[in-house]
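Subject: Structure handover

Hello,

Here is the structure I promised to pass on. Please open it and keep it beside this email as you read.

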Amino acid sequence: MTTLRRLPLGWPVAAALLLLAGPALAQPACIGAQRKIDEAGALRFQARQDARLGDRDRVCDNLGDAEDRYEDARDRLDECGLRVASIDLKSALRSVRQEKRFFRCD
């Protein structure tokens, strides 16, 4: 019997990238993009943990860093020719910006 593990936050974006990218992911820019997406997911998770603790300043810092990582990932995907996959990151960026508005970070 297998147990289900909790999937990381960037999993839906990562799955879309894998389906769309195929062999192009072997390029260094594409590997770097996946790393940036994973980092952004970890930062969003940390922001949620800080929100539970009531540390608004750290929430805003982590969300700002996550936004930067998503933008870096989008640029790297454009570099390696996966413009379609970079479009998927727009929804992730949009949700980070909504979270920043919710916490009044700007």
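In which helix is E67 found? E67 is found in helix α3, which covers residues 56–79. Keep in mind that this is a predicted model.

**E67 and its partner**

Is E67 buried or exposed? The cut-off for buried is under 20% relative accessible area. E67 has 11% relative accessibility, so E67 counts as buried.

Next, look at what surrounds E67. Set aside its neighbours within four places in sequence. E67 is then in contact with L93, V96, R97 and K100.

One of these contacts, K100, also forms a salt bridge with E67. The N to O distance is 2.6 Å. K100 lies in helix α4 and E67 in helix α3, so this pair ties together parts that are 33 residues apart in sequence. K100 counts as buried too, because its relative accessibility is 11%. The pair does not stand alone: salt bridges that share partners join E67, E71, R97 and K100 into one network.

**Other salt bridges**

How many salt bridges does the structure hold? There are eight. Two others are worth finding on your screen.

Start with R44 and E99. Their closest N and O atoms are 2.7 Å apart. This salt bridge links distant parts of the chain. R44 sits in helix α2 and E99 in helix α4, 55 residues apart. R44 is buried, at a relative accessible area of 14%. E99 is partly exposed, at 24%.

Now go to R56 and D57. They form a salt bridge with the closest N and O atoms 3.8 Å apart. R56 counts as partly exposed, with 39% relative accessibility. D57 is exposed, with a relative accessible area of 52%.

**Helix α3**

Does the span of α3 agree or disagree with 1.5 Å a residue? At that rate, the 24 residues of α3 should span 34 Å. The C-alpha atoms at its ends are 35 Å apart, so the two values agree.

Which residues of α3 are buried? They are V59, C60, N62, L63, G64, A66, E67, Y70, A73 and L77. Colour them and look along the helix. An α-helix has 3.6 residues a turn, so residues three or four places apart point the same way.

**The nonpolar core**

Nonpolar side chains tend to be buried together in soluble globular proteins. Here, the largest nonpolar core has 18 residues. Which of them touch the most other members? The answer is Y70, L77 and L89. The elements that give two or more residues to this core are α2 (28–53), α3 and α4 (83–102). Two of those well-connected core residues, Y70 and L77, also appear among the buried residues of α3.

**Two backbone details**

Just after α3 comes G81, with a positive phi of about 85°.

Then find R104, in the segment after α4. Its phi is near 55°, a positive value in a residue other than glycine. Most residues other than glycine have a negative phi. Is R104 buried or exposed? At 66% relative accessibility, R104 counts as exposed.

**Where to begin**

I would begin with K100 and E67, the salt bridge between α4 and α3. Then move to R44 and E99, which link α2 and α4. After that, show the core to which α2, α3 and α4 each give two or more residues.

Best wishes

Methods
Residues numbered from 1 in each chain as written. Predicted model: local features only at pLDDT ≥ 70, side-chain atom pairs only at ≥ 80, totals over all residues. Heavy atoms only, no water. Helix = DSSP H or I, 4+ residues; strand = E, 2+ residues; numbered from the N terminus. Buried < 20%, exposed > 50% of the residue type's maximum accessible area, 1.4 Å probe, protein only. Contact = heavy atoms within 4.5 Å. Core = buried A, V, L, I, M, F, W, Y, C linked by side-chain atoms within 4.5 Å. Salt bridge = Lys/Arg side-chain N within 4 Å of Asp/Glu carboxyl O. Expected span 1.5 Å × (residues − 1).
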